[in-house]
Amino acid sequence: MKKKYPDVMIDIETLGRKPGCAVLSIGAVHFDRLTGEIGDGFFYACMGAENAKKYGHVDDDTLAWWMSQSDPAKQDAFNGTADPLQVAQSFAEWIDGGDKVWGNGSVFDITILEAWFDALGVKVPWQFWNVRDVRTVIDIADVNPKKFQRKGTYHNALDDAVFQVEYTAAAIRHLKEGI
């Protein structure tokens with residue numbers, strides 16, 4: 001039996017920090033917010049720099065930051081060839097309209113993706129009332145992500161999404177135990 005949880009952790013890699021920037025890659029997993037268990041299946045797509053720049057701007061500071069990242073991270077982010085429109089349509093189908101989508105920051109992953117969907121002419125696949133913020137939860141729970149064992153490549157969108165699930169679930173458990 002497939003496990004599909006109603007919470008979806010999303011991470012993106014970009015060429016900027018504001019809505020309207022180029023989106024290089026998207027990683028997402030369904031997860032159980034209490035246990036941190038990852039559901040069956042995941043979403044990962046990498047469009048690469050040339051394709052991404054067709055639908056968003058590039059911030060020079062972000063580009064300079066990328067040049068200081070690891071070779072595996074740069075390869076993952078910059079060497080993709082997926083068509084952004086096909087990625088947006090596939091991702092919109094992968095998301096269930098009732099899913100609660102999580103991003104790491106109230107004004108990063110989700111707001112950038114909403115502007116990206118708009119630029120591509122694809123309807124945003126979630127409801128605004130189902131958007132959740134990782135940083136707020138870990139701040140309230142006083143959980144430090146740096147205390148968790150990291151697996152995978154830093155700044156690979158899928159690896160980052162999986163890692164964010166781990167410490168987000170720990171923060172939620174901590175909050176629930178304190179009530």
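Helices here are DSSP runs of H or I spanning at least four residues, numbered from the N terminus. In this predicted model, one such run is helix α2, which covers residues 60–67 and includes M67. M67 also turns up on the surface, where it joins V58 and L63 in a nonpolar patch. Together these three side chains put about 230 Å² of accessible area on show.

Turning to the sheet, five strands line up in the order β3-β2-β1-β4-β5, giving an open arrangement with mixed pairing. The edges are taken by β3 (38–46) and β5 (131–133), each of which pairs on one side only. From one strand to the next, the twist averages 25°.

At the β5 end, the neighbour is β4 (residues 100–103), and the two strands run parallel, held in register by three bridges. One of the residue pairs here is V101 with V131, the latter sitting in β5. Helix α6 (residues 134–141) lies across this part of the sheet, covering β1 (7–14), β4 and β5. Relative to β5, helix α6 runs at about 45°.

Just off the sheet, the loop between α4 (84–94) and β4 holds D99. Is this residue buried or exposed? With a relative accessible area of 2%, D99 falls under the 20% cut-off and therefore counts as buried. Leaving aside residues up to four places away in sequence, D99 touches K4, Y5, P6, V8, H30 and N130.

Terms used
Residues numbered from 1 in each chain as written. Predicted model: local features only at pLDDT ≥ 70, side-chain atom pairs only at ≥ 80, totals over all residues. Heavy atoms only, no water. Patch = residues over 30% accessible without salt bridge, like charges linked within 9 Å, V, L, I, M, F, W, Y side chains within 5 Å. Areas by Shrake-Rupley, 256 points an atom, 1.4 Å probe, with all protein chains shown as cover. Salt bridge = Lys/Arg side-chain N within 4 Å of Asp/Glu carboxyl O. Pairing = 2+ DSSP bridges. Axes fitted to C-alpha atoms, helices over the stretch in contact; angles between N-to-C directions. Contact = heavy atoms within 4.5 Å. Buried < 20%, exposed > 50% of the residue type's maximum accessible area, 1.4 Å probe, protein only.
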